[in-house]
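The following account leads through a protein model in a few steps, from its pockets to one of its helices. Please have the sequence and the coordinates at hand.

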Amino acid sequence: MSDMTARFAEIVGEHNLLTGDAIPEDYAHDEVLTTAPQKPAYVAKPTTAEDVSQLLRAATEHKVPVTARGSGSGLSGAAIPRRDGLVISFERMNAVLEVDTTNQVAVVQPGVTLTDLDAATADTGLRYMVYPGELSSSVGGNVGTNAGGMRAVKYGIARHNVLGLQAVLPTGEIFRTGGKIAKVSTGYDLTQLIVGSEGTLALATEVIVKLHPCLDHSATVLAPFADFDQVMRAVPKVLASGLGPYILEYIDNMTMAALIHTQNLELGIPDTIRDSCQAYLVVALENRTENRLGEDVERAGELVVELGAVDAYVLEGASARKLIEAREKAFWTAKAIGADDIIDTVVPRSAMPKFLAAARDLAMAAGGAAAGCGHAGDGNVHLAILCKDPEKRHQLMTDIFALAMELGGAISGEHGLGRAKTPYFLELEDPVKVDLMRRIKQSFDPAGILNPDVLFAAGDA
């Protein structure tokens, strides 16, 4: 047994430390399409913040790179470890510590999955509304990537729903940020600095999340449009109508065809309309009462037709649920049809028509294609990139990201940069901003052990 193996085993117990051939393949990857899996030297499974503190202190002392892991459902390669590194898996830190209905918060450990949290709050009438499309994802992963999802148009992303943290620095120091409070104007907001940092600054060991009341009645309006640009122009008008959709998505015709085929959807749309439309708008509404919901659904149907939709189809119950579930599985559909990469670029809503048209043109010019769907309500565009030639694909991705940034957007809206998108970030981002981030990283992690291949070039953190 090596010195490091003995040290880590002393902290978490021999049965909670994996090394060598005992490490399953699952710990070598997340769900990214483009970055090769890589097994670490060690996988440790702590149960307390003090365990994490001791692991990080030992790793810093011996310059062992550390990768935090929740459920491994990320899409950017942020959970792919170094070959000589330590994976700190939070699978055993999976307790819902408190559901506080008075303050409408839950206090959870990072390994709690969204399924676990939903179950823990089911009887309270409250719910954690961040839902990135995968119920097995962990709250710690939500924190690391600043997860979003379809409900973000109404309920916000992780950044809006994480109120406080207990976290551990690479030096082993444990600290708390925020709390069961709605606002803080006392010094720097360290909570929000750590949210979205992809495990590069500190590791969260406890998370305080906001809970929202569940509304009992919901329905979905599905509107096919013959003209893609009409869908994009309709989005701000739907948002300005006062209807308050909790989901507002667009799905292009190629993606919808793939979803219908792979998910066996029956939407009741005539073939003639399906064949002629270029894209769909999905407007999901909810309310306290059935009557008020009915009024909103009727107005939404009228509005989308006024804005150019061929028709409006009201989906309720199982049919609505199946459509939303199919949309949530769009990544798996993209994977099934042979996507070579995926992007989750975000642009201002007003720039979406220009961005999508230009992105499709760039893909065609590269001999490929770009198809997808997205959170139309917040400008988050999810595209499956089909382009087999690696050099052409890299240039295409660079051009699409550059376009998004030129229009006032960013490379990633919710997946994070991970290993997969970090090279584009370093190539395209303002060097002043990158240098400032590097100095922040240095303040938190002077030894550079936390996820050293994410946000910065290897050895450059």
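Which element gives the most residues to the lining of the largest pocket? In this predicted model, the answer is helix H17, which contributes four residues to that lining. The pocket itself holds about 790 Å³ of space. A total of 37 residues line the largest pocket, and those closest to its centre are Arg159, Gly196, Ser412, Leu417 and Met437. Two or more lining residues come from each of helix H4 (139-145), helix H6 (158-161), helix H7 (190-194) and helix H17 (431-444). Sorted by class, the lining of the largest pocket comprises 15 nonpolar, 15 polar and seven charged residues.

The second largest pocket has a volume of about 560 Å³. Its lining is made up of 25 residues, of which Arg127, Arg151, Ser218, Tyr246 and Ile324 lie closest to the centre. Strand S12 (217-225) and helix H12 (317-328) are the elements that supply two or more residues to this lining. Of these, helix H12 gives the most, with six residues. The class composition of the second lining is 12 nonpolar, four polar and nine charged residues.

The UniProt record is the next point of reference. An unreviewed entry there places the feature "domain: FAD-binding PCMH-type" at residues 35-214. In the model, the C-alpha atoms at the two ends of this span are 39 Å apart. Helix accounts for 23% of residues 35-214 and strand for 24%.

Attention now turns to helix H14, which covers residues 352-365. With 14 residues, helix H14 reaches 20 Å from its first C-alpha to its last, close to the 20 Å expected at 1.5 Å a residue. Which residues of H14 are buried? They are Met352, Pro353, Phe355, Leu356, Ala359 and Ala363. An α-helix has 3.6 residues a turn, so residues three or four places apart point the same way. The spacing can be followed along the buried set, which includes Phe355, Ala359 and Ala363.

What covers these buried residues of H14? The cover includes three strands and two helices: strand S13 (247-252), strand S17 (369-375) and strand S18 (380-386), together with helix H8 (228-239) and helix H15 (390-406). After helix H14 comes Gly367, a residue with a positive phi, near 80 degrees.

Key
Residues are numbered from 1 along each chain as its sequence is written. This is a predicted model: local features need pLDDT of at least 70, side-chain atom pairs count only at pLDDT 80 or more; totals for chains, interfaces and linings use all residues. Side-chain values use heavy atoms; hydrogens and water are left out. The expected span of a helix is 1.5 Å times one less than its number of residues. Buried means under 20% relative accessible area, exposed over 50%, partly exposed in between (1.4 Å probe, protein chains only). Contact means heavy atoms within 4.5 Å. UniProt positions are given in the numbering used here, feature names are shortened, and annotations may be inferred rather than shown by experiment. On a 1 Å grid over the protein atoms alone, a cavity is a set of points where a 1.4 Å probe fits but cannot get out, and a pocket is an open set with protein on both sides within 12 Å along at least five of seven lines; lining residues have an atom within 4 Å of a point. Grid points are joined across faces, edges and corners, and a volume is the space filled by probe spheres set on the points. Ala, Val, Leu, Ile, Met, Phe, Trp, Tyr, Cys and Pro count as nonpolar, Asp, Glu, Lys and Arg as charged, and the others, Gly among them, as polar.
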